[in-house]
Amino acid sequence: MAEIKKEAAEGSSTAPPPAERGKNHYKNRAKKQKRNKFLKNAKSFGKRESFGRGAELEQTEYNYLVAILETMTKEKDTEERQLIANNVLGQLKGKEIRTASNQVGSRIMEDLLAYTDEETFAGLLETFAQNFRVFCCDKFASHVLQRSLYVALLRAVAPLQVDQHREEDGEREEQSAKKQKVGGAAERGDRSIWPCYEYCLKEQYADEHRQTCRQYVERMAKYLINNLEEFMWEATAGYVIRQCVLNLGGITEKKATNDAKPLIVPEQWHKLLHEFNVQLMAWPQFADLIGMEQTATILQDLLRALASTDDAFQLEQLIAKLFKEAFYTKKVKKEEKDGEATVKQEEKSDLPKAFQSDSSIRLLEVCIVVAPAAFLKDKLFSKLFRGHVKQLALSRACNFAIQKLIDHTTDKDMMDMVFAELEDSMEDLLRTGHTGVVLALAKACARLACQQGKFVKNLLDALHCAEVAPAKMINAVLHLLPANVTPSTAPKIHLHGSLILQAILDFNKPIKFVTALLEMPNDRLAEILSEPAGSFVANAFVTGRFVGEKSREKLVRHLEGQYAQLTLSVHGSRVVEIMYEAGNPAQRENIVRELAEQCERLNGKPWSAKVNKRLLVDLYKRNPARWKVAIKNDAKVEKMFDKLVGGKKRKAES
């Protein structure tokens, strides 16, 4: 990746410089190249008379699918997509199983399903329903089955979604789209050429068709429940089970990081989810499910689905059973021939079984996220973590569980106990690179308003910067490097270091760090605020609950002379707008005056041109008096808007 960026920087003058590209440019380009590579490989297989992986197709069939795949790599409007979907799936009628079992055919059917009309889709659902076992157990056809379940879910529940919920989603997407197109950049984000989610929710279908889709989801769920003992151990069928479990809970994405609200689903589906839960808990070998990645991920998704339904009883039942039968047991030591393996086994021997495998640790993390606060404190923490927090935090595999535990702690007494076990380990955590644990502690101290003084003292002691100059202290925290260590090359701002500093600025008494930032040379401070991670320190400073108005104005004044330079960078230009909003009227005019002196230079960059337009810099350069009038009018409009939507007031410095 570094080589790609270097080539782009040293390329011809016709290519835009890397700084002008969006942050996801290289990631999205890699995705596009991957799509093109799939098509290229498909054509290459055809030339070698090897017609795709999986089920073997006739040459004419394969060539037809490759031609369709090539057509689908180009942008199409909705009507064209519908026409292609109905024509192609009409041509494949009677060949659905064989086509879905081929790699290329599976890919095409998966993308086309959402755009089929009611009659075509209903016919496909019947074909899938009659051949559930075949589709479940095939590594390519199972993807088509998953997509059919997903599309059927969206079509069935679309009328149940409240209009307000959908309008809020639409507003968020519109705002996101505006942000993505700033500076003329191409639309970015994880976006499919053939999007499915929004289309299926907005498209109008007959009530009879929606009922057919609902029956299909329920029929598949019942089939999977009846064959659960067999399919739990099948790799491909396991993914279908996960998709079904999540969909019954209204969750449309497998990614646990997705924070979108679950869809509203029929009450009957919650009962089917309950049947999944009851059947799994009744298994004699229930405790063994946490030891395999495949079965453990099914349990993770079941926990997420139960949490989304607000069925506290079922959720706590499952977590309690996992805790009692799978997590809270000691693993018997086994002698290993390899000496190193023996040492590792002895190190883990005093830990509960929950920490003995990666799959069980990931499952425990989900339990921490969804468990009720009382159960988290009295059972999970007291029995599994207490006394082992330091050991687990320093473990490469288990430190993420500690982060989850701290992030979801809502009890101050519990936080005090966790902090007591970690307070002397700050330097060890930084040395091993487990900076996420330190960040989790900083956020929890800010959130719960506890242990803040001790955290700052321990952090500064760990970085050996308690008695150094302000600039060195801030640099040590931002880079998470001890102040007495001089790296061979200039280090970049550590993301966790920036987030830790932001959390500290939200503490009850952040005066030490506020003063340090204000005493830094303004050119060095501007350099920090121009970096991607560093720029958000400005947000934390301005919005900090206990950073006073005078300190904000001092920061605005301190950066005078650096605003033009800040505006030349993508992230710095955002800081200029933040400082403008934080300043008093006189300071705002000073910022605009400084920008006006280099107006032509700043208009050469899309992000700085946006700042110029936002702050009316061109108008100020021509006529400062008119600028004052125009700015006052804009302020009145904003004030009226704030009254309508409810503006937030800052707290005074304590």
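A residue counts as buried under 20% relative accessible area, as exposed over 50%, and as partly exposed in between. Keep that in your pocket for the exercises below, and remember that this is a predicted model.

**Exercise 1. Is His408 buried, partly exposed or exposed, and which residues does His408 touch?**

Step 1: find the spot. His408 sits in the loop between helix H22 (399–407) and helix H23 (412–422).

Step 2: apply the cut-offs. The relative accessibility of His408 is 30%, so His408 is partly exposed.

Step 3: look for partners. Leaving out residues up to four places away in sequence, His408 touches Ile368, Val369, Leu376 and Arg447.

Step 4: compare sequence with space. Leu376 and His408 are 32 residues apart in sequence, while their C-alpha atoms are 8.8 Å apart.

**Exercise 2. Work out how helices H4 and H6 are oriented to each other, and which residues meet.**

Step 1: pick your numbers. Two packed helices are described by the angle between their axes and the distance between the axes.

Step 2: read them off. The axes of H4 (residues 78–91) and H6 (residues 103–112) come within 10 Å and cross at roughly 135°.

Step 3: name the arrangement. Angles over 145 degrees would count as roughly antiparallel, and 65 to 115 as roughly perpendicular. H4 and H6 are therefore oblique to each other. The crossing of H4 past H6 is left-handed.

Step 4: list who meets whom. From H4 come Ile84, Ala85, Val88 and Leu89, and they meet Ile108, Met109 and Leu112 of H6. Sorted by type, this contact has 7 nonpolar residues, no polar ones and no charged ones.

**Exercise 3. Classify two of the aromatic pairs: are they stacked or edge-to-face?**

Step 1: know what to compare. A pair of aromatic rings is described by the distance of the centres and the angle of the planes. The whole structure has 11 aromatic pairs.

Step 2: try Trp233 and Trp283. Their ring centres are 6.1 Å apart and their planes are at 25°, so this pair is stacked. Trp233 lies in the loop between H13 (228–231) and H14 (235–248), and Trp283 in the loop between H15 (267–281) and H16 (293–308), 50 residues apart. Trp233 is partly exposed because its relative accessibility is 35%. Trp283, at 6%, is buried.

Step 3: try Phe455 and Phe507. Their centres are 6.1 Å apart and the planes are at 75°, so this pair is edge-to-face. Phe455 belongs to H26 (residues 452–462), while Phe507 is in the loop between H28 (495–504) and H29 (511–519), 52 residues away. Both Phe455 and Phe507 are buried.

Step 4: go beyond pairs. Phe132, Tyr216, Tyr223 and Phe231 are linked into a cluster by ring pairs.

**Exercise 4. How many residues of H28 are buried, and what do they pack against?**

Step 1: count. In H28, 7 of the 10 residues are buried, and the helix is mostly covered.

Step 2: name them. They are Gly497, Ser498, Ile500, Leu501, Gln502, Ala503 and Ile504.

Step 3: find the neighbours. These buried residues pack against H25 (435–448), H26, H27, H29 and H31.

Step 4: try H30 (residues 522–530) too. Its buried residues are Arg524, Leu525, Ala526, Ile528 and Leu529. They pack against several helices, including H27 (470–479), H29 and H31 (536–543).

Step 5: zoom out. The protein chain has 39 helices and 0 strands, and 46% of its 654 residues count as buried.

Note on methods: Residues are numbered from 1 along each chain as its sequence is written. This is a predicted model: local features need pLDDT of at least 70, side-chain atom pairs count only at pLDDT 80 or more; totals for chains, interfaces and linings use all residues. Side-chain values use heavy atoms; hydrogens and water are left out. Axes are lines fitted to C-alpha atoms, for helices over the stretch in contact, and angles run from 0 to 180 degrees between N-to-C directions. Helices (H or I, at least four residues) and strands (E, at least two) are DSSP runs, numbered from the N terminus. Angles under 35 degrees count as roughly parallel, over 145 as roughly antiparallel, 65 to 115 as roughly perpendicular and the rest as oblique. A crossing is left-handed if the near helix is turned anticlockwise from the far one by less than a right angle, and right-handed if clockwise. Contact means heavy atoms within 4.5 Å. Ala, Val, Leu, Ile, Met, Phe, Trp, Tyr, Cys and Pro count as nonpolar, Asp, Glu, Lys and Arg as charged, and the others, Gly among them, as polar. Rings of Phe, Tyr and Trp (its six-membered ring) pair if their centres lie within 6.5 Å; planes under 30 degrees apart count as stacked, over 60 as edge-to-face and the rest as tilted. Buried means under 20% relative accessible area, exposed over 50%, partly exposed in between (1.4 Å probe, protein chains only).
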